[in-house]
Amino acid sequence: MGIFLGIDVGGTVIKAGLYRADGEELAIAERDGATIAARPGFSERNMEALWDDVCAAIRQTLHAAALDAGQVRGVGFSAHGKGLYAIDRYGKPVGNGILSSDNRAAETVAALQRAGVDAQTYPRSLQPLWPSHPALLLRWLKQHQPAQYAAVDRILMAHDYLRFRLTGEAAAEVTNISGSNLFNQHSGAYDPTLMAAFGIEEAAEKTAPVIGSAQLAGRVTAGAAAQCGLRAGTAVYGGLFDVVGAALSSGVADDRTLSAVAGTWSIATCVTERLIPADYPYAWGRYCIDGRYFVHEGSPTSAGNLAWFLRQFCADDRQRYAQFNAWVAERCERPSELLFLPYLYGSNLGGNTPGGLIGLSAHHEMADVVQAIYQGIVFSHLIHQQRMVRLNPRIERVRMTGGPTQSDVWMQMYADAGNLPLDVVASRQSGCRAAALCAAVGAGEYAGFAEAIAAAPPKLRCFYPAPAAHRRLRAQQARYLAVAQALNEVNDANN
């Protein structure tokens with residue numbers, strides 16, 4: 001059985017893991033990358049520093065597993081979506097890499113929406129306008145930094161750039177580039193009509209060839225091998241958008257299981273065999289299994305809010321998580337008097353609704369606040385989950401990954417509130433595991449992703465909804481939604 005390297009590129013943390021073809025983890029390494037916020041709304045990273053961090057993580061992983069580089073049969077990637085990691089005609093970065101959390105193009109999006117451009121582009125791209133879409137970032141660069149825009153030779157996303165550094169070959173992987181607003185979901189190709197609608201006609205000459213998730217993208221060059229510790233000639237494969245990676249690592253291959261992620265972002269993803277017409281602007285993309293699509297909903301309203309609370313009020317003492325869980329377990333059979341709106345990093349109700357703690361009185365304790373935070377994050381996630389269920393009523397259960405899955409009491413709350421069985425994926429690093437499976441498929445260990453999912457199923461912990469808890473939480477969610485929507489209206493009126 002071959003050994004494969006999976007690299008997961010998040011918004012900050014870069015991870016590398018070594019796995020056998022059946023998904024067995026051999027070693028993991030992490031590097032904390034630095035985010036650059038030079039101006040309000042900017043969220044960037046130095047692309048050379050990113051490459052250095054990836055090289056260091058690869059070397060650490062090989063050392064931790066006590067493996068010779070020659071034992072690695074292939075490399076795969078999982079990476080954040082959106083953003084822009086453009087290179088010039090010499091293969092050098094065109095400025096810093098831009099992350100998916102970048103908001104510099106917010107006014108550009110608002111102007112395009114006022115002009116009705118989204119009504120022209122959505123039927124082709126099936127992507128609502130988002131400030132960090134490559135298409136919107138390119139328009140912003142053209143308007144505000146024209147010299148940098150003119151220097152762009154290849155439009156790449158995070159893992160595309162790293163594959164380029166490993167192989168010297170520029171390509172755009174399909175599950176990620178299909179969410180760029182440059183790509184037509186119906187034709188499965190770049191769309192010059194979209195680029196013209198965004199005023200970036202020149203981008204048609206700057207695109208990189210589209211490759212599949214398990215397609216051979218190239219081989220590690222001698223120069224890259226000297227830097228990262230892999231053997232020259234090692235195969236490198238397309239990779240995955242991290243939302244797709246979470247679904248793959250969770251064993252999701254059809255429309256009966258919803259993939260859910262709880263982390264900084266709350267994400268709900270469904271896999272389908274066709275594009276489903278809807279009167280709501282869902283975000284669609286091409287799944288890693290040929291002929292299948294994924295549709296997803298998400299917002300930065302998840303556990304990042306709890307992490308903020310920990311930093312601000314508990315001196316970032318991660319041991320407190322056990323106490324948090326105990327407090328919530330003690331209170332699980334009575335409704336919270338408090339409501340927490342988990343909008344510290346953005347809302348999923350539209351606009352810029354601020355976060356908040358509603359109903360606070362002098363008799364409340366920190367335990368009450370923590371219970372409200374747990375519940376508010378669950379209620380916000382249900383907005384996305386319920387939209388997915390409305391689109392696809394065939395969903396029977398949920399598979400969840402992310403940091404909160406370490407809390408049994410929180411997972412039971414998700415199951416109870418959602419009224420669906422919930423399977424927690426027992427994997428330290430689902431992104432790295434999915435990336436390694438991607439390489440295993442590419443190397444021929446499996447005939448395809450469906451076979452890989454069947455042969456390497458994830459280990460699961462299962463939680464089942466309790467009717468009484470479901471009724472109690474849904475009543476509380478109704479209060480949450482009423483308050484959140486009222487605050488949203490007040491905020492809109494003031495702006």
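A cavity is a set of grid points where a 1.4 Å probe fits but cannot get out, and its lining residues have an atom within 4 Å of a point. With that in hand, this predicted model can be explored from the inside out. There are 2 cavities of 30 Å³ or more in the structure. The second largest cavity holds about 30 Å³ of space, and its walls are made by Leu-84, Ala-86, Val-94, Asn-96, Ile-98, Leu-141 and Gln-148. Sorted by class, that lining comes out as 5 nonpolar and 2 polar residues, with no charged ones.

One of these wall residues, Leu-141, leads straight to a helix. Leu-141 is among the buried residues of α4 (residues 134-144), together with Pro-134, Ala-135, Leu-136, Leu-137, Leu-138 and Trp-140. So what sits on top of them? The cover over the buried residues of α4 includes β6 (97-98), α2 (106-114) and α5 (146-151).

Next comes the overall layout. The chain splits into domain 1 (3-238) and domain 2 (250-494). Taken over C-alpha atoms, the centres of the two domains are 25 Å apart. The contact draws on 37 residues of domain 1 and 31 residues of domain 2.

Where does the largest cavity lie with respect to domain 1 and domain 2? Both domains give residues to its lining, so the largest cavity lies between them. Its volume is about 60 Å³. Around it stand Gly-81, Lys-82, Gln-127, Met-157, Thr-175, Asn-176, Gly-179, Phe-241, Trp-284, Phe-294 and His-296. Two elements, α7 and β17 (293-299), give two or more residues to this lining. The class count for the largest cavity is 4 nonpolar, 6 polar and 1 charged.

The second largest pocket tells a related story. About 270 Å³ of space lies in this pocket, and α7 (174-177) and α16 (449-455) are the elements that give two or more residues to its lining. The lining is made up of 17 residues, and Tyr-287, Cys-288, Ile-289, Asp-290 and Phe-449 lie nearest the centre of the pocket. By class, the pocket lining has 8 nonpolar, 6 polar and 3 charged residues. Domain 1 and domain 2 both contribute to the lining, so the second largest pocket, too, lies between them.

Away from the empty spaces, there are the nonpolar cores. The largest nonpolar core counts 69 residues, and Leu-5, Ile-7, Leu-166, Ile-200 and Leu-230 have the most contacts inside it. Helix α1 (residues 47-65) is the top contributor to this core, giving 9 residues. What does Ile-7 touch, once residues up to four places away in sequence are set aside? The list runs to Lys-15, Ala-16, Val-54, Ile-58, Val-75, Gly-76, Phe-77, Ser-78 and Ala-435. There is also a second, separate core, this one of 55 residues, with Cys-314, Leu-338, Leu-391 and Val-409 among them.

Several helices of domain 2 are worth a look as well. In α11 (residues 304-313), the buried residues are Gly-304, Asn-305, Leu-306, Phe-309 and Leu-310. An α-helix has 3.6 residues a turn, so residues three or four places apart point the same way. The buried residues of α11 pack against α12 (320-331), β18 (339-341), α13 and α14 (408-418). Just past the end of α11, Ala-315 adopts a positive phi of about 55°.

Helix α13 (residues 366-391) is home to Gln-371. Is Gln-371 buried or exposed? The relative accessible area of Gln-371 is 3%, and buried means under 20%, so Gln-371 counts as buried. Leaving out residues up to four places away in sequence, Gln-371 touches Val-328, Arg-331, Arg-334 and Ser-336.

Finally, Leu-473 belongs to helix α17 (residues 467-494). With a relative accessibility of 7%, Leu-473 is under the same 20% cut-off and therefore buried. Beyond its neighbours within four places in sequence, Leu-473 is in contact with Gln-375, Phe-379, Met-413, Asp-416 and Ala-417. Trp-410 is 63 residues away from Leu-473 along the chain, and the C-alpha atoms of the two are separated by 13 Å.

Technical notes
Residues are numbered from 1 along each chain as its sequence is written. This is a predicted model: local features need pLDDT of at least 70, side-chain atom pairs count only at pLDDT 80 or more; totals for chains, interfaces and linings use all residues. Side-chain values use heavy atoms; hydrogens and water are left out. On a 1 Å grid over the protein atoms alone, a cavity is a set of points where a 1.4 Å probe fits but cannot get out, and a pocket is an open set with protein on both sides within 12 Å along at least five of seven lines; lining residues have an atom within 4 Å of a point. Grid points are joined across faces, edges and corners, and a volume is the space filled by probe spheres set on the points. Helices (H or I, at least four residues) and strands (E, at least two) are DSSP runs, numbered from the N terminus. Ala, Val, Leu, Ile, Met, Phe, Trp, Tyr, Cys and Pro count as nonpolar, Asp, Glu, Lys and Arg as charged, and the others, Gly among them, as polar. Domain bounds come from an automatic or database domain assignment. Buried means under 20% relative accessible area, exposed over 50%, partly exposed in between (1.4 Å probe, protein chains only). Contact means heavy atoms within 4.5 Å. A nonpolar core is a set of buried Ala, Val, Leu, Ile, Met, Phe, Trp, Tyr and Cys residues joined through side-chain atoms within 4.5 Å.
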